[in-house]
Amino acid sequence: MKRIAVMTSGGDAPGMNAAIRAVVRSGLHYGLEVYGIFHGYKGLCEGKIRKLNRYDVTRIISRGGTVLGSARYPEFAKKEVREIAVKQIRDLGIDAIVVIGGDGTYRGAQALSEMGIPTIGLPGTIDNDISSTDYTIGFFTAMQTVVDSIDKLRDTSMSHKRCSVVEVMGRHCGDLALYAGIAGGSEFIITPETGFDKEQLIEAITNSNKSGKRHAIVIVTENMLNVLDLSKEIEEKTGFETRATVLGHVQRGGDPAAFDRVLATEMGEYAVDLLVKGKSGRAVGLKGMEYVDYDINFALNKKREIPNKRYGLVGRLK
């Protein structure tokens, strides 16, 4: 193996730059040439690839986003499009690729691996929805952003005796809402895992209002319901003035937290080690305090394990 490449794909996540840096510098440590693929699978097909040196990744460990850029490229699901990507890789003599992203990125890596291109996947997504790892790169930074927002909303909610309904990202995974809700002391948390009982929520907020409580915070995972409609219904049925806040893409940005920098760096180093050892089609993860790797097919199909004890805690803290 003489040449490897690194790319980021899908939604950006804080810590991706730390992972890029680790792959580049670890590759150089092993005497490899390292190439950067710009703008994900789309850039790969378009040949937006160039050689990187250690100075290209200087001082990026603390920066949010991704210096390589990213893109969503559904066309990559077509075999004829992937064949263009494989030709680009082989024309440059690139022997293997480290891809950083979520499940869509993993599917692309899996397809390249099946076409003879050695690949390693790193879990870079704020949603924490990759089942083969306890935590994904970017999750803790996004969670802190949500918690900071909850803290600020509580200040104004208490001042006006108001209920705040807050929608956070996560797609179909409730971890971001759950962890941020616990850390932010939210009274109510609605996720795909907890489910949603509207009548129970209305009753609880009504009782909270009658008891004289000055505020209430409801955290909701995106794609579950319309928070604007829910806030109107809460206000109509409880008499508790209610406002909805959709945090949106602000959760993706910002400098990565220390944990995400360490996680991304160690995962990047681990990925290069796997390639040097001749492994391919693997997904890197963190389990407990150990870094592990699984077949990408397993990582994509592994069922998520729900932390029942943590969800039980939510019920006791209402």
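User: Which residues does L176 touch, leaving out those up to four places away in sequence?

Analyst: In this predicted model, L176 touches I126, F139, A142, M143, V146, V168, M169 and Q251. Residues up to four places away in sequence are not counted. A contact here needs heavy atoms within 4.5 Å.

User: What makes L176 stand out in the largest nonpolar core?

Analyst: Its contacts do. L176 is among the residues with the most contacts inside that core. The others named are I4, V6, I20 and L122. The core has 51 residues. Helix α5, residues 139–160, gives the most to this core, with eight residues.

User: Which residues does the second core include?

Analyst: The second core is separate and has 24 residues. It includes Y41, L44, I49 and Y106.

User: How do you know whether the span of α5 fits its number of residues?

Analyst: Compare the two lengths. α5 has 22 residues and reaches 32 Å from its first C-alpha to its last. The expected span takes 1.5 Å times one less than the number of residues. For α5 that gives 32 Å, and the span is close to it.

User: Why do residues three or four places apart in an α-helix point the same way?

Analyst: An α-helix has 3.6 residues a turn, so a step of three or four places comes back to the same side.

User: What comes after α5, and what is the sign of its phi?

Analyst: K161 follows α5, and its phi is positive, near 50 degrees. K161 is not a glycine. It sits in the loop between α5 and β6 (162–168).

User: Why is K161 called partly exposed?

Analyst: Its relative accessibility is 37%. Buried means under 20% and exposed means over 50%. K161 falls in between, so it counts as partly exposed.

User: Where is H39, and what is its phi?

Analyst: H39 lies in the loop between β2 (33–37) and α2 (40–46). Its phi is positive, about 65 degrees, although H39 is not a glycine. At 36% relative accessibility, H39 counts as partly exposed.

User: Why is the pair of Y135 and F140 called edge-to-face?

Analyst: Look at the planes. They are 65 degrees apart, and the centres are 4.8 Å apart. Ring centres must lie within 6.5 Å to pair, and planes over 60 degrees apart count as edge-to-face. Both tests are met, so Y135 and F140 form an edge-to-face pair.

User: Why is the pair of F140 and F259 called tilted?

Analyst: The ring centres are 4.5 Å apart and the planes meet at 50 degrees. That angle is not under 30 degrees, which would be stacked, and not over 60, so the pair is tilted. F140 lies in helix α5 and F259 in helix α9 (residues 258–276), so the pair ties together parts 119 residues apart in sequence. F259 is partly exposed, at 35% relative accessibility.

User: Which residues form one aromatic cluster?

Analyst: Y135, F139, F140, Y179 and F259 do. The whole structure has 10 aromatic pairs.

User: How do you know whether D127 is buried or exposed?

Analyst: D127 has 5% relative accessibility. The limit for buried is under 20%, so D127 counts as buried. It lies in the loop between β5 (119–123) and α5.

User: What makes D127 and G170 a polar contact?

Analyst: The distance is one test. The backbone nitrogen of G170 lies 3.3 Å from a polar atom of the D127 side chain. The cut-off is 3.5 Å, so the pair is within it. D127 also touches residues including M169, R171, C173 and D175.

User: How does T8 compare with the cut-off for buried?

Analyst: T8, in strand β1 (residues 3–8), has a relative accessible area of 0%. Buried means under 20%, so T8 is buried. Its side chain makes a polar contact of 2.9 Å with the side chain of T66. It also reaches the backbone oxygen of G69 at 2.8 Å.

User: Why is H249 called exposed?

Analyst: Its relative accessible area is 59%. Exposed means over 50%, so H249 qualifies. H249 lies in the loop between β9 (242–246) and α9. H249 and A142 are 107 residues apart in sequence and 9.9 Å apart in space, C-alpha to C-alpha.

User: How many disulfides are there?

Analyst: The count is zero. A disulfide needs two cysteine sulfur atoms within 2.5 Å. C45 is buried, at 9% relative accessible area. C163 is buried too, at 0%.

Technical notes:
Residues are numbered from 1 along each chain as its sequence is written. This is a predicted model: local features need pLDDT of at least 70, side-chain atom pairs count only at pLDDT 80 or more; totals for chains, interfaces and linings use all residues. Side-chain values use heavy atoms; hydrogens and water are left out. Buried means under 20% relative accessible area, exposed over 50%, partly exposed in between (1.4 Å probe, protein chains only). A nonpolar core is a set of buried Ala, Val, Leu, Ile, Met, Phe, Trp, Tyr and Cys residues joined through side-chain atoms within 4.5 Å. Helices (H or I, at least four residues) and strands (E, at least two) are DSSP runs, numbered from the N terminus. Rings of Phe, Tyr and Trp (its six-membered ring) pair if their centres lie within 6.5 Å; planes under 30 degrees apart count as stacked, over 60 as edge-to-face and the rest as tilted. A polar contact is a pair of N or O atoms within 3.5 Å; within protein, one must be able to donate a hydrogen and the other to accept it, and residues adjacent in sequence count only if both atoms are side-chain atoms.
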